[in-house]
Amino acid sequence: MTDSTIRPIVIFDTTLRDGEQSPGASMNLTEKMEVAQALVELGVDVIEAGFPIASPGDFEAVREIAKSVRGSVVCGLARCRDADIDRAWEAVRCAEQARIHVFLATSAIHREHKLRMDKDEIIRRAVAGVRRAVGYCSDVEFSPEDAVRTETDFLCQVVEAAIDAGATTVNIPDTVGYATPTQMHQVIHMLRQRVPNIDRAVISVHCHNDLGMAVANALAAVQCGAGQVECTINGIGERAGNSSLEEIVMALRTRKDFYRADTRIVSQRLVPTSRLVASVTGIDVQRNKAIVGRNAFAHEAGIHQDGILKEPTTYEIMRPADVGLTKIDLVLGKHSGRAALADRARTLGYRLDAEQLQTVFEQFKILADKKKEVYDGDIASLIEQQIVAVSELWVLDSYSVKTGTQTTPEVQLSLRRGDEVLSTQMTCGDGPIDAIFLAIEDITGIKVQCNDFRVHSVTVGKDAQGEVTVQLKHEGRLFRGRGISTDSVEASAKAFLNAINRIAAVTDDSE
Ligand SMILES: [Zn+2]
């Protein structure tokens, strides 16, 4: 049943553009495609797939997403420059529904220090940019960058000119995370009062979380009439991130009585999508994160537990199932079939094609032989290794380490590259894992600095698999790697090699 007094809000997801700009979060093409597909299933209205002129890799990702996505608008970002806009159109033109998003900074600080342009020049460029985009595509969004710190009169002028030039959405970004909810409310209210043609465009907001107010600011804008919210899964993004999609969506849905607005997001897909994005970006979700954190629905206090058992609504304002949290950690074993695995994969948020399912199923059988009970966490790791698999230039062949207290480890390690096997033998390192890392560097010739190294168990029990994640720095860029094994030294070697392969893949591209 639809209630005509409930306003539909457009969800514009920028996980693949702003989110990908989070330090260390860069995704490869396969990972981006996987996330884009998950966003479609989540019911996102617009997917900002990237910034096509930024790099050939960005361009290719946007184009591939545009080709494959059905049911959501695919958007490419561009500065107000001809070359940017042409490139963005080239990337999104084969989309079922395409959008070009052009932006130009308008605040005094940006005008004077970054662009060195006066107000008239800004308006001229904004209008020219929007017109060029409109020449290609009827769905055009314009953003005055740093809008919240722009003089109000000038902001009104720019917005009016952009709409006159054909922009169908005007996005008001709080680029630096400076706004407060009341201020955001005032800005949107002012635009609605003072811009004469404002009814011809959808008002959007894009809020950063530098002061922890991104979600509150976006909701204040919605309350005042904004019709689109830009956000990301898990709130990832530049610096402290963006407003988080899951919080916006559940705030509107849970408090529909107050906001009188809702989205078409399939909320049951929130937790699976969050899990996928955390795994491909390597940015974990904090435990106490609203909606998707591990503790979001965990009631610890005895009085609360008692209340929940008597009547869930005593302490629960949302049902865990509504956000896709499956309470039952279903256990599979070696007699479980392919259909059970496929079903579990889908519940956990993954889409596998027939070939991927076959590979994961084979690995699942091997694991089920080693381990009696296979948990959701195990299955998720097996799948993630498949979907985030980078082209593996180097493969671990074998290793052995001799180590002990007060001795320098002796390591022997072999890697395969195509048909070749390369080996090294070294006495080095501060322990077995360090020794293995040094041996891998020695063979591959790729020198790195290890910024982060973490080990955690995927599930419970003594035979649980260990997952190692590393973050390596190579020529100023960060690369992630993960490895899983029931042996933590082997998991470490695999994680390190996974990051090395990512570095090798990038270096190959540029050559
Ligand atoms: Zn941003």
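How much space lies in the largest cavity? About 40 Å³. Keep in mind that this is a predicted model. By the rule used here, the count comes to one cavity of 30 Å³ or more. The residues lining the largest cavity are Glu-34, Gln-37, Ala-38, Glu-41, Arg-269, Gly-349 and Arg-351. Sort that lining by class and you get four charged residues, two polar ones and one nonpolar.

Now on to the pockets. The largest pocket holds about 1600 Å³ of space. Its lining takes in 45 residues, and the closest to the centre are Arg-275, Arg-294, Gly-377, His-456 and Val-458. If you'd rather think in terms of secondary structure, the elements that each give two or more residues to this lining are helices H11 (270-281) and H15 (376-387), along with strands S14 (449-457), S15 (466-474) and S16 (477-485). Helix H11 gives the most, with six residues. By class, the lining of the largest pocket comes out as 16 nonpolar, 16 polar and 13 charged residues.

Strand S16 is worth a stop, with Arg-482 as the guide, as that is the strand where Arg-482 sits. Is Arg-482 buried or exposed? It counts as buried, because its relative accessible area is 18% and the cut-off for buried is under 20%. The side chain of Arg-482 makes a polar contact of 2.8 Å with the side chain of Glu-467. Glu-467 also turns up among the residues that Arg-482 touches, leaving out those up to four places away in sequence. The others on that list are Ser-279, Ser-381, Glu-384, Val-468, Thr-469, Lys-494, Ala-495 and Asn-498.

Next comes the metal. Which residues coordinate the zinc ion? They are Asp-18 through OD, and His-206 and His-208, each through NE2, at 1.9 to 2.2 Å. Along the sequence, these donors follow the spacing D-x187-H-x1-H. Asp-18 and His-206 bring together distant parts of the chain, being 188 residues apart. Asp-18 belongs to the loop between strand S2 (10-13) and helix H1 (29-42), while His-206 belongs to strand S8 (residues 202-207). Both of these donors are buried: Asp-18 has a relative accessible area of 3%, and His-206 comes in at 6%.

From strand S8 you can step over to Val-170, which is found in strand S7 (residues 169-174). With a relative accessible area of 1%, Val-170 is buried. Leaving aside neighbours within four places in sequence, Val-170 is in contact with Phe-142, Val-159, Ile-163, Ile-198, Ala-201, Val-202, Ile-203 and Ser-204. For a sense of scale, Val-170 and Tyr-259 are 89 residues apart in sequence, and their C-alpha atoms are 21 Å apart in space.

Last on the walk is Gln-228, in strand S9 (residues 228-231). Gln-228 counts as buried at 1% relative accessibility. What does its side chain pair up with? The side chain of Gln-228 makes a polar contact with that of Glu-230, at 3.5 Å. Setting aside residues up to four places away in sequence, Gln-228 touches Val-202, Ile-203, Ser-204 and Val-205, among others. Its list of partners also includes Ile-9, Val-10, Phe-12, Arg-99, Glu-141 and Thr-169.

Note on methods:
Residues numbered from 1 in each chain as written. Predicted model: local features only at pLDDT ≥ 70, side-chain atom pairs only at ≥ 80, totals over all residues. Heavy atoms only, no water. Helix = DSSP H or I, 4+ residues; strand = E, 2+ residues; numbered from the N terminus. Buried < 20%, exposed > 50% of the residue type's maximum accessible area, 1.4 Å probe, protein only. Polar contact = N/O pair within 3.5 Å; in protein donor to acceptor, adjacent residues only side chain to side chain. Contact = heavy atoms within 4.5 Å. 1 Å grid on protein atoms, 1.4 Å probe; cavity = no way out; pocket = protein on both sides within 12 Å on 5 of 7 lines; lining within 4 Å. Points joined across faces, edges and corners; volume = space filled by probe spheres on them. Nonpolar A, V, L, I, M, F, W, Y, C, P; charged D, E, K, R; others polar. Donors = N, O, S within 2.8 Å, 3.2 Å for Na, K, Ca; no water.
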